[in-house]
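Okay, thanks everyone for coming. I'll walk you through a few spots in this one, so keep the picture open while I talk.

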Amino acid sequence: ASPSSPPSSTMPVSALMIGAGEYTTGCVGTAAGAAPDKPAGVVAITFADLRRRGRVDDMVLVDAVGTRMPTVRDTMRAKIAEAYKDMDVRMTTLPRDDVAFDPMAYKEAIARMRRGDVATIFTPDDTHFDIALACIEAGLHVLCAKPLVKTLAKHRELAAAAEKHGVLCAIEYHKRFDPIYADARDRIRAKLGAFSFFQSTMTQPKAQLDTFKAWAGKSSDISYYLNSHHMDVHCWSVGDASRPERVVAFAATGAANARVEPTDGRQIEDTITLCAEWVNDDEAKSRGTATYTASWIAPKADCHTQQYFHYMGHEGEIRADQGHRGYTTSTDADGFSQLNPLYMKYTPSPSGQFAGQQGYGYRSIEEFVKAAEEINAGTATVKEVCDRDVLATVDRTARVTAMLEAGRVSLDNGGAGVRILYPEGGGAGAEPIGLALEGDGERAFVVGEGGAERKRAREGE
């Protein structure tokens with residue numbers, strides 16, 4: 001079935017949520033439960049509040065596993081509907097509750113939507129492309145978890161599809177809506193001069209591996225999962241004034257495999273560091289360097305994610321510690337911890353209503369819905385929304401994907417360098433078009449889609 005007519009300018013959009021896991025619903029089937037920074041999830045609670053405010057109509061939730069849906073509905077009822085006043089979490093859930101596994105269930109869900117409705121995708125990384133493409137081709141506006149895809153080729157394909165079908169496609173990089181990070185970006189552009197150095201670190205406790213054990217080291221890795229955040233912050237901050245041109249990656253191993261104990265032979269990296277060389281678009285073609293480090297073997301600490309970055313320009317520097325905002329709590333039940341209601345505020349207002357509308361997790365989704373409303377009403381074009389450079393839209397985020405893929409290629413080829421290729425004469429704002437694996441002599445290779453292809457190139461076959 002094809003989607004029906006788009007919602008009118010006065011009709012709120014309906015929301016399709018694809019993936020019923022932690023970030024969408026707060027439902028996690030592990031002893032540790034949902035992460036303490038998002039105990040009730042982010043997506044469903046935001047859509048429920050937008051529905052309360054008249055911004056969202058129907059909601060549909062789809063997952064590959066139908067048998068988990070009763071638990072998911074109970075979780076949302078307890079954590080959202082019963083925790084706050086006037087929060088309606090009634091929705092269609094797919095597939096049926098007796099379906100053990102149906103990876104194509106999202107197709108039935110898409111068929112229920114109208115052109116111009118919104119879809120969020122929070123599923124394992126290697127499923128993003130097919131789901132996002134199906135949504136785009138059905139005329140839905142798409143907000144996808146990071147990373148959008150794992151390869152530059154797939155990223156470029158989604159960008160072309162979104163342009164062809166006239167829909168918005170963006171990546172849910174919520175750090176863009178953190179007021180401190182947004183201010184840092186503006187200061188970097190206005191005051192700090194040409195780029196010189198960037199260093200970021202994000203670490204999460206080992207218990208997070210229990211949540212991700214089905215796909216960790218299989219469909220994705222810790223760099224795709226966490227390094228992507230600060231890569232986007234870096235790219236967004238420098239804009240067209242600088243671009244990454246070469247990546248080398250390194251990894252630590254041992255603890256993650258000991259924790260997960262995979263039986264399928266996969267190797268799960270503990271920590272991945274990507275080192276990138278950047279070239280500035282100034283007269284001297286000056287150069288900068290960056291290191292992005294991500295890990296999921298940290299001990300339990302005072303906040304779920306230890307995270308910070310340091311940016312240095314030719315005329316100044318900025319340091320931001322997102323994990324420590326100078327706001328702490330200590331209770332008999334939970335001990336000492338850092339608080340960050342700037343991300344998601346779950347404590348209800350005195351009247352019992354959800355009061356987290358200013359959180360940057362919430363605002364990231366609301367801004368996407370607002371953009372979809374404008375496009376549907378004809379008050380803004382997709383291009384105009386993209387040109388605002390607020391949302392991380394698919395047409396201007398390929399540099400992050402290129403660095404992430406280059407890091408994976410480097411790791412798969414013994415730490416070899418990987419060059420990022422740009423179109424000849426494309427200008428400073430051009431998006432990358434390919435990667436080249438550095439080899440012996442003339443054996444540089446433009447990377448394709450398959451890991452086997454990459455290894456053959458390295459071996460000179």
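Pro 95 sits in the loop between strand E3 (92-94) and helix H4 (105-111). Look at the bond just before it: Leu 94 and Pro 95 are joined by a cis peptide bond, with omega at about -5°. Bear in mind that this is a predicted model.

There's another cis peptide bond to look at, between Lys 146 and Pro 147, and there omega is about -10°. Where does Pro 147 sit? You'll find Pro 147 in the loop between strand E5 (141-144) and H6.

While we're on backbone geometry, have a look at Asp 86. Asp 86 isn't a glycine, and yet its phi is positive, about 65°. It's in the loop between helix H3 (69-81) and E3. Lys 285 is another residue other than glycine with a positive phi, near 50°. That one is in the loop between strand E9 (271-280) and strand E10 (287-298). Is Lys 285 buried or partly exposed? Lys 285 has a relative accessible area of 46%, so we call it partly exposed.

Now back to Pro 147, since it turns up again in the surroundings of a histidine. His 128 is in helix H5, and it is buried, with a relative accessible area of 0%. What does His 128 touch, once you leave aside its neighbours within four places in sequence? The list is Ile 121, Thr 123, Cys 144, Ala 145, Lys 146, Pro 147 and Leu 148. So both Lys 146 and Pro 147, the two residues joined by that cis bond, are in contact with His 128. There's a polar contact in there too: a polar atom of the His 128 side chain lies 2.7 Å from the backbone oxygen of Thr 123. And if you want a distance to orient yourselves, His 128 and Ala 44 are 19 Å apart, C-alpha to C-alpha, with their positions 84 residues apart in sequence.

Okay, H5 itself. How do H5 and H6 pack? The axes of helix H5 (residues 128-137) and helix H6 (residues 152-165) come within 9 Å and cross at roughly 10°. That crossing angle is under 35 degrees, so H5 counts as roughly parallel to H6. On the H5 side, the residues that meet H6 are Phe 129, Ala 132, Leu 133, Ile 136 and Glu 137. From H6 you get Lys 154, Glu 157, Leu 158, Ala 161, Ala 162 and His 165. Sort the residues of that contact by type and you have seven nonpolar, one polar and three charged.

Next stop, a serine. Ser 220 is in the loop between helix H8 (207-212) and H9. Its relative accessibility is 5%, so Ser 220 counts as buried. Which residues does Ser 220 touch, not counting those up to four places away in sequence? Asp 125, Lys 150 and Trp 215. With Asp 125 there's a side-chain to side-chain polar contact of 2.4 Å.

Last topic, charges. Side chains of opposite charge can pair when their charged atoms come close. How many salt bridges does the structure hold? There are 36, and I'll pick out a few.

Start with Asp 117 and Arg 114, whose side chains form a salt bridge at 3.3 Å, N to O. Both of those residues are buried.

Then there's Asp 232 with Arg 176, a salt bridge at 2.9 Å, N to O. This pair links distant parts of the chain, 56 residues apart: Asp 232 is in helix H9 (residues 222-238), and Arg 176 is in the loop between strand E6 (169-171) and helix H7 (179-191). Here, too, both Asp 232 and Arg 176 are buried.

Now Arg 388 and Glu 374, where the closest N and O atoms are 2.9 Å apart. Arg 388 is in the loop between helix H12 (382-387) and strand E15 (392-393), while Glu 374 is in helix H11 (residues 360-377), so the salt bridge ties together parts that are 14 residues apart in sequence. Arg 388 is partly exposed, at 36% relative accessible area, whereas Glu 374 counts as buried at 17%.

And there's a network as well: Arg 176, Arg 185, Asp 186, Arg 189, Asp 232 and Asp 389 are joined into one by salt bridges that share partners. Okay, over to you for questions.

Technical notes
Residues numbered from 1 in each chain as written. Predicted model: local features only at pLDDT ≥ 70, side-chain atom pairs only at ≥ 80, totals over all residues. Heavy atoms only, no water. Salt bridge = Lys/Arg side-chain N within 4 Å of Asp/Glu carboxyl O. Buried < 20%, exposed > 50% of the residue type's maximum accessible area, 1.4 Å probe, protein only. Helix = DSSP H or I, 4+ residues; strand = E, 2+ residues; numbered from the N terminus. Axes fitted to C-alpha atoms, helices over the stretch in contact; angles between N-to-C directions. Parallel < 35°, antiparallel > 145°, perpendicular 65-115°, else oblique. Contact = heavy atoms within 4.5 Å. Nonpolar A, V, L, I, M, F, W, Y, C, P; charged D, E, K, R; others polar. Polar contact = N/O pair within 3.5 Å; in protein donor to acceptor, adjacent residues only side chain to side chain.
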